[in-house]
Amino acid sequence: MPVESGSSASSRQAKQKRKSHSLSIRRTNSTEQERTGLQREMLEGQDSKLPLSLRSNLLDLFGQIEREFENLYIENIELRREIETLNDRLTAEGQPIDGGDLTKGALKAKASHSTSQLSQKLKTTYKASTSKIVSSFKATTSRAVCQLVKEYVGHRDGIWDLSVTRTQPVVLGTASADHSAMLWSIETGKCLLKYLGHAGSVNSIKFHPTEQMALTASGDQTAHIWRYTVQLPTPQPVADISTPCDDDIDFSDKDEADGDGDGPNECPSIRVSSTTLRSHQGVVIAADWLVGGKQVVTASWDRAANLYDVETSELVHSLTGHDQELTHCCTHPTQRLVVTSSRDTTFRLWDFRDPSIHSVNVFQGHTDTVTSAVFTVGDNVVSGSDDRTVKVWDLKNMRSPIATIRTDSAVNRISVSVNQRIIALPHDNRQVRLFDMSGVRLARLPRSNRQGHRRMVCCSAWCEDNSSCNLFSCGFDRQAIGWNINIPALLQEK
């Protein structure tokens, strides 16, 4: 009877193993579609803030990565079996495996070379797969386009606040620490009017809902109401400098001379107000019109907010209760509601809808100064704080926020787009970020050595009725900037 050699036996054993492994691979491939379908069903059943199309795309990419690693794993198994076959052959021929020169020779070199190839292939595949998934993700989500349209330069000190008129003609108003407020042509960037009636820093500016009147609050412990009349100049072509959002080319701090000139040339000025509101014992930090424009509310460092009658200038109510200085006040666009913010880490909701009952609700959720709280068109309030968070609250359930946005820098005076329901967050670190009402980040305005703010961004304001600029920001670099923000509908899906 013929005797089978050790070499041929090991060869046949290796073939049988490879055949068995090939069958295993075919079985795996045959069930791959079933597994993918099951994963998709599980994916659709899970709660996520990502759009379904984006989640499906991510699942496909991760599936490709998994298949690449499966192929590498199979190749690794094949190499190990080849090494075992060689070891079996050497054992059958009576040659040593351990401790001999052969271990340091061809076998070790072959194993080392195979391991090196496998390691290199793993690294290459991992990098390629990672690049593929990152690029695919960016292609889906980073299509927001932020175009810097116009810069408004002319103030001699930092700009605290800005606002856009609600009536025609639509102009931009800015309030500055240089004791002045300015009205600007949105299209041309030229100053149309300067208000010089305050004796201290102008901390806020708001426009009457139906008439050409402005309300400014100042460090001189007063709030002024003044009328204006402006004529818009002929607009000039705007250069297209579209930039994808998230451009973040930093540069060193330096005192740029952008706003150090003598101010806008031939800009008419107003020095006397129509109405002066005097009742506060400290800096008036903010002011706003109640719905209808017949009353205004002011917030002060004397820890009180005052409600005034515009026609008579009389104090109607003094809203007290905050433990520290107030930082901001805001009114509801359609209801007689007021929200005040304070350094005591709270903000309060004052209800004047019923003349006989003036209720107040206290919102506690921040751990540092609440820099601003604003209403949305619906039943929500959005608050920003020095604790680096922004919280979205439901007026019907005030115990806890329905969404929390965590950032890397203190948040200043925020604004919410009426049409798109997008929150614009101005930061101490010179950034402006955009989020939706669910807390999902949509974009970051570009900032480089050519554009963007060079100092702390103090305030943001949306403009729903202007085609060229729909978002404005201002800061302590003495300039205001008009942006055109285009957020695809895909990124705003809940």
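Let's start with one residue: Ser185 sits in strand 4 (residues 181–185). This is a predicted model, and in it Ser185 counts as buried, at 2% relative accessibility. From there, the briefing moves on to the nonpolar cores, the salt bridges, the pockets and the cavities.

**Around Ser185**

- Which residues does Ser185 touch, once its neighbours within four places in sequence are left aside? They are Tyr152, Lys190, Leu192 and Pro233.
- Ser185 and Leu232 are 47 residues apart in sequence, yet their C-alpha atoms are 6.3 Å apart in space.

**Nonpolar cores**

- The largest nonpolar core has 25 residues, and Phe347, Phe375, Val382, Ile423 and Leu425 are the ones that touch the most other members.
- Several strands feed this core with at least two residues each: strand 17 (337–342), strand 18 (346–354), strand 20 (370–375), strand 21 (380–385), strand 22 (389–394), strand 23 (403–406) and strand 25 (422–426).
- Which strand gives the most to this core? Strand 20 does, with 4 residues.
- A second, separate core is made of 19 residues, including Leu162, Trp184, Cys469 and Ala480.
- Back in the largest core, Phe347 is worth a look for its contacts beyond four places in sequence, among them His322, Val339, Asn361, Phe363, Val381 and Trp393.

**Salt bridges**

- How many salt bridges does the structure hold? There are 6, and three of them are described here.
- Some general background: side chains of opposite charge can pair when their charged atoms come close.
- Glu211 pairs with Arg227, with their closest N and O atoms 3.3 Å apart. Glu211 lies in the loop between strand 6 (202–207) and strand 7 (213–218), while Arg227 lies in strand 8 (residues 222–227), so this bridge ties together parts that are 16 residues apart in sequence.
- Both partners of that bridge are partly exposed: Glu211 at 33% relative accessibility and Arg227 at 47%.
- Glu325 forms a salt bridge with Arg343, and here the closest N and O atoms are 3.8 Å apart. Glu325 belongs to the loop between strand 15 (315–320) and strand 16 (326–331), and Arg343 to the loop between strand 17 and strand 18, so the pair links parts that are 18 residues apart in sequence.
- Glu325 is partly exposed, with a relative accessible area of 23%, and Arg343 is partly exposed at 42% relative accessibility.
- Arg433 and Asp408 meet through their side chains in a salt bridge of 3.2 Å, N to O. Because Arg433 lies in strand 26 (residues 432–436) and Asp408 in the loop between strand 23 and strand 24 (415–416), the pair ties together parts that are 25 residues apart in sequence.
- Is Arg433 buried or exposed? Arg433 counts as buried, at 7% relative accessibility, whereas its partner Asp408 is partly exposed at 44%.

**Pockets**

- The largest pocket has a volume of about 940 Å³. It is lined by 38 residues, and Ser163, Arg166, Val416, Val418 and Trp462 are the closest to its centre.
- Strands that each supply at least two residues of this lining include strand 2 (159–164), strand 12 (284–289) and strand 28 (457–462). Strand 20 also appears in that group, and this is the strand that gives the most to the largest nonpolar core.
- By class, the lining of the largest pocket divides into 20 nonpolar, 10 polar and 8 charged residues.
- The second largest pocket has a volume of about 460 Å³. Of its 19 lining residues, the closest to the centre are Trp160, Ile285, Trp301, Thr327 and Arg413.
- The lining of this second largest pocket divides into 7 nonpolar, 7 polar and 5 charged residues.

**Cavities**

- How many cavities of 30 Å³ or more does a search of the whole structure find? It finds 2.
- The largest cavity holds about 40 Å³ of space.
- Which residues line the largest cavity? They are Arg430, Gln431, Val432, Leu445, Pro446, Arg447, His453, Ser473 and Trp483.
- That lining has 4 nonpolar, 3 polar and 2 charged residues.

Definitions and conventions:
Residues numbered from 1 in each chain as written. Predicted model: local features only at pLDDT ≥ 70, side-chain atom pairs only at ≥ 80, totals over all residues. Heavy atoms only, no water. Core = buried A, V, L, I, M, F, W, Y, C linked by side-chain atoms within 4.5 Å. Buried < 20%, exposed > 50% of the residue type's maximum accessible area, 1.4 Å probe, protein only. Contact = heavy atoms within 4.5 Å. 1 Å grid on protein atoms, 1.4 Å probe; cavity = no way out; pocket = protein on both sides within 12 Å on 5 of 7 lines; lining within 4 Å. Points joined across faces, edges and corners; volume = space filled by probe spheres on them. Nonpolar A, V, L, I, M, F, W, Y, C, P; charged D, E, K, R; others polar. Salt bridge = Lys/Arg side-chain N within 4 Å of Asp/Glu carboxyl O.
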